[in-house]
Amino acid sequence: MKYSEICGVYEKLSVTSGRLEKTSIVSEFIKKIAKHGNPEWIYLLRGRVLPDYDVREFGISRQIIIKTLSKSFGVLSSEVLSEFNKIGDLGEIAEKFAGKRKQSTLFSSSSLSIDKVFDGLMKIFALEGKGSVDKKVSVVSEILSSASGIEAKYIVRTLLGDLRVGIAESTIKDAIAESLFPEDKKSYAELIESAYDLSNDYAEIFAAAVKGKKEIEKISISPGKPMNVMLAVKAEDIEDAFRICGKPAAIENKYDGFRVVISKKNKEIKLFTRKLEEVTSQFPDIIEVVKKNISGESFILDSEAVGYDPKTKKVKPFESVSQRIKRKHHIERLVKELPVDVHIFDVMYYNGKSVMHLPFSERRKIIEKIIHPEKLKINIAEQIITDNEKRAEEFYKQALKKGEEGIMVKSLSSPYKPGRRVGHMVKLKPSSSEFDLVITGAEHGTGKRAGWLTSYIVACASEKGFLNIGKVSSGLKEKESEGTTYREMTKLLKPLIKSEKGRVVYVKPKIVVSVTYQNIQKSPSYNSGYALRFPRITFYRPERSTKDIATLEDVKKAVVCTSFHSL
Ligand code: AMP
């Protein structure tokens, strides 16, 4: 199939706003893939070539694209740059230059195939280290050499991770259902969504769906691959927690570290964050402990790894243990300086089978059987089972006294639901005015902070997309030893810049931070309709994704709470 066919889909999507219309455009294309294509092409619809669980990036910056366009179209980099400053979209610039080529008539009906683009894009992941920029430029130039204007536009936008056609993840799910099961698309969309929570791979689901319902139902989790974890609902108090989880319920400490999914298959142990990122190489200490202290041929376990001070043995705040996730070098030194204690609290897969359907009480029995605790290395989450509110309250007090963040209350009879914020497990912690939010923009600093991006625009999630809720200028540090620095944040944000206006840059929403605030006000200044007062960044959360951030509903609830407290 020709690449121009998928570009036609992008073009239609970019001028269509209704969700149903978008779904039917995608569904028509999916029917064609089912007949003549490769299921993996479905990734291209969202500007990717990999399943969502594979978090590798092209690593192509705007600078690399500018260099490539200059090489491919025989124009000066400065010319591309000045066009970029006018238009603000390198995709459109590629379209313009490709259209102007001498041989453009030759390419007016390009013969570029989807396979050629897909394979070319896949090659980029293998290019790393010294000389990789030039190699990337060559690979992209090669693809662009036979592209028409429109094709060049979407190749460039795909490389920059910004298709600008407005396609939501849910559209893919609905479109698969609509194209293959038009008679019962609603219930199939739900089935596909559940399968997605297990596999994070639309190509796998699509390939199964083409064969029929039974094949979709066979999709399961498997060790060695990252998976979505079950998310917690917030409870107001103990009574509320019991109301959600039923009585009796399991109550556990809420450890303050970061979530690690531990998986083992064929003697190979891998570690993943809740953002589906693999962190195996950063934690050789956890791998050792898992080898020594957990029995079982294959498994997937859910756990919280908590950093502690090797001298005092006291729990360290998240900020310091986050160094372990971020750093890829000097790992041996960090293992000594920032050891972690792993608390296992759930099991999703054991000895060749998914155990997610089992009630939590049964899953806990598996954990108790296979984990051999060792002090300050690995243990099973401390737990009581009770229907007594006083006893639960006492456990909560004790947890706080020990320095834990709070407690988790869990329904004993519930299955494990990956990726869902269901009421099978709730969190209870002292009310704090804090949200996890995503950065959508920043400002170039001045004076002492010149050269850095400072003042971050932060947003919460809503059905309509991310909605801004404030601008945070404080909390980050100037010295590395004190925590996340402005320099570090600038390095993270720069490759994500989508556009600039004066001193403000707008970035792809990827970086999650924890933000505390004094209160929340209704405000027309931000498109959420609310503004945080005196916000401050407490932590950069490298292990969290936009799926984990506060929603507009959470913000509205907090407004009610803050106004209640100030009465
Ligand atoms: P929050 O991050 O505030 O949504 O709280 C939920 C998080 O608490 C989970 O994602 C885990 O990382 C963490 N956690 C700590 N202890 C436990 C536990 N015993 N059971 C489940 N989650 C826990």
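## A walk from Pro-248 to the ligand

Start by selecting Pro-248, which you'll find in the loop between helix 14 (238-245) and strand 2. Keep in mind as you go that this is a predicted model. Now show the backbone from Lys-247 to Pro-248: the peptide bond there is cis, with omega near -10 degrees. That's worth a pause, because most peptide bonds are trans.

Next, colour strand 2 (249-254). What does strand 2 give to the shell around the ligand? Three residues, the most of any element. Colour strand 10 (406-411) as well; strand 2 and strand 10 are the elements that give two or more residues to that shell.

Now bring up the ligand itself and its surroundings. Select the shell and you should get 13 residues, with Glu-252, Arg-259, Glu-304, Lys-410 and Lys-427 among the closest. Try colouring the shell by residue type: nine are charged, three are nonpolar and one is polar.

Time for some distances. Which atoms does the ligand pair with at Lys-254? Pick the side chain of Lys-254, where an N or O atom is 3.0 Å from an oxygen atom of the ligand. Do the same with Arg-544: a polar side-chain atom there lies 3.0 Å from a ligand oxygen. For Tyr-255, switch the backbone on instead, since here a backbone N or O atom lies 3.0 Å from a nitrogen atom of the ligand.

Turn on a surface next. How much of the ligand does the protein bury? Taken alone, the ligand exposes 490 Å², and the protein buries 96% of that. If you display pockets, look for the ligand in the second largest one.

One more backbone stop: select Asn-266, in the loop between strand 3 (258-265) and strand 4 (268-272). Phi of Asn-266 is near 45 degrees, a positive value in a residue that isn't glycine. Most residues other than glycine have a negative phi.

Finally, zoom out and colour by domain. The domain assignment gives domain 1 (3-159), domain 2 (233-428) and domain 3 (434-565). Draw a line between the C-alpha centres of domain 1 and domain 3, and it spans 31 Å.

How values were computed:
Residues are numbered from 1 along each chain as its sequence is written. This is a predicted model: local features need pLDDT of at least 70, side-chain atom pairs count only at pLDDT 80 or more; totals for chains, interfaces and linings use all residues. Side-chain values use heavy atoms; hydrogens and water are left out. A residue is near a molecule or strand if one of its heavy atoms lies within 4 Å of it. A polar contact is a pair of N or O atoms within 3.5 Å; within protein, one must be able to donate a hydrogen and the other to accept it, and residues adjacent in sequence count only if both atoms are side-chain atoms. Accessible areas come from the Shrake-Rupley method with a 1.4 Å probe; for residues, only the protein chains shown count as cover. On a 1 Å grid over the protein atoms alone, a cavity is a set of points where a 1.4 Å probe fits but cannot get out, and a pocket is an open set with protein on both sides within 12 Å along at least five of seven lines; lining residues have an atom within 4 Å of a point. A molecule sits in a cavity or pocket if more than half of its atoms lie within 2 Å of its grid points. Helices (H or I, at least four residues) and strands (E, at least two) are DSSP runs, numbered from the N terminus. Ala, Val, Leu, Ile, Met, Phe, Trp, Tyr, Cys and Pro count as nonpolar, Asp, Glu, Lys and Arg as charged, and the others, Gly among them, as polar. Domain bounds come from an automatic or database domain assignment.
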